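Reader: I've got a model open and I'd like to learn how to read it. Can you walk me through it?

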Amino acid sequence: MSKKLWGLVIVALFYAFAGCAFAADKPLVVGFSQIGAESGWRTAETESVISAAKELGIDLKFSDAQQKQENQIKAIRSFVAQGVDGILLAPVVETGWEPILNEVKKAKIPVILLDRGITVDDESLYVCKITSDFVFEGKTAAEWTVKELGGQGNVVQLQGTPGASAATERQKGFEDELTKTPGVKILESQTGDFTMELGKQVMEAFLKKYGKDINVVYAHNDDMGLGAIQAIKEAGFKPGEDIKIITVDATKAAFEAMVAGDMNAVVECNPLLGPLAYETLKKAIAGETIEKWIVQKDELFTKDQAASVIGSRKY
Ligand code: AHR
């Protein structure tokens, strides 16, 4: 073979090897079907998933479902068509996922549930869920309520999105715990869909109906609690004193409300799930065994702690 031909062969081999190396370094492609942007908590979660993808060099396909399950289903189908390596799904509601997850299973794409759970007969349809323990959060809120009321008083409950595991389980944990203290009664429970606007509207209706008889508001998230604070102020009461408020999430906004004296307590729910989601997905792709529920540990913060803790809050 001539020198020139040898040269060409070497160059061709170089490009072939470089191509292989390049393929090995190919970024992981991940689809994330997010519920929407209904709360400060969810915005923090979205930021966590997007910024972790940037840090890790992951090619993230992001889709905002505007609170609609049908949009999530469309997004997942499009992730499958694009041939993603894995899917992160924050499911708006618990039921109705079997058909689309069966399609994903056929395509051999691992699915990780982020921040809420689903109900399916076949648990192999997803790798695992990474969520807080919502029953624990509700129970913690009830324990605080009973203590705060000295075992006697009236509560109204602002529930999250109907059918969402975060709402169903926060309600269950709260109501089950309250059955131990018959002196504490729930006057009424209504959904505020996890939004500030609806939380305010529902609270206005509660105030019209029950007025000063309301002692505590238990809101399934901060945004609805913040909406309730506005309604209480507009009705001429002092939130945090005339009517006490406990919420779930522990966002900066809730801490600010506690520092201002408008809110009394929050149960934490960690939204910073991005890094853990990718770490888990990589393990799943590598064929490692993954726990079915990766639980996030949360704690209670009260008004008295707010000023000293607010500076260290990360969301
Ligand atoms: O699923 C988690 C819940 O969803 C958060 O508590 C709430 O703020 C969000 O909208």
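Reader: How many Å separate the centres of domain 1 and domain 2?

Author: Keep in mind that this is a predicted model. Over C-alpha atoms, the two domain centres are 29 Å apart. As for who contributes to the contact, 13 residues come from domain 1 and 18 residues from domain 2.

Reader: And which stretches of chain make up each domain?

Author: Domain 1 comes in two pieces, 26–132 and 271–296, while domain 2 is 134–269, going by the domain assignment.

Reader: OK, so how do I put a number on the interface itself?

Author: The size of an interface is often given as the accessible area lost when the parts come together. Here, domain 1 and domain 2 bury about 1200 Å² between them, and carbon and sulfur atoms account for 51% of that.

Reader: Which residues in domain 1 lose the most area to domain 2?

Author: Those are Trp41, Arg116 and Ser132, together 42% of what the domain 1 side buries.

Reader: What about charge and polarity across the interface?

Author: Side chains of opposite charge can pair when their charged atoms come close. Between these two domains, though, the salt bridge count is zero. Polar contact does turn up, with five residue pairs between domain 1 and domain 2. On the domain 1 side, helix H2 (40–56) and strand E5 (128–132) each supply at least two of the touching residues. By class, that side has four nonpolar, five polar and four charged residues.

Reader: How many salt bridges does the structure hold?

Author: There are 21. One to click on is Arg116 with Glu38, whose side chains meet at 3.7 Å, N to O. Arg116 sits in the loop between strand E4 (111–114) and E5, and Glu38 in the loop between strand E1 (29–34) and H2, so this pair ties together parts that are 78 residues apart in sequence.

Reader: Which residues surround the ligand?

Author: That salt-bridge pair shows up again: Glu38 and Arg116 are both in the set around the ligand. The others are Ser39, Trp41, Arg42, Asp115, Ala166, Arg170, Phe194, Asn221 and Asp249. Trp41 and Arg116 you've also met among the residues that lose the most area to domain 2.

Reader: For a polar side chain by the ligand, what should I look at?

Author: Look at distances between polar atoms. A polar side-chain atom of Asp115 lies 2.6 Å from an oxygen atom of the ligand. For Asn221, a polar side-chain atom is 3.0 Å from a ligand oxygen. With Ser39, an N or O atom in the side chain is 3.1 Å from an oxygen atom of the ligand.

Key. Residues numbered from 1 in each chain as written. Predicted model: local features only at pLDDT ≥ 70, side-chain atom pairs only at ≥ 80, totals over all residues. Heavy atoms only, no water. Domains from an automatic or database assignment. Contact = heavy atoms within 4.5 Å. Buried area = accessible area lost by both parts, 1.4 Å probe. Salt bridge = Lys/Arg side-chain N within 4 Å of Asp/Glu carboxyl O. Polar contact = N/O pair within 3.5 Å; in protein donor to acceptor, adjacent residues only side chain to side chain. Helix = DSSP H or I, 4+ residues; strand = E, 2+ residues; numbered from the N terminus. Nonpolar A, V, L, I, M, F, W, Y, C, P; charged D, E, K, R; others polar. Near = heavy atom within 4 Å.
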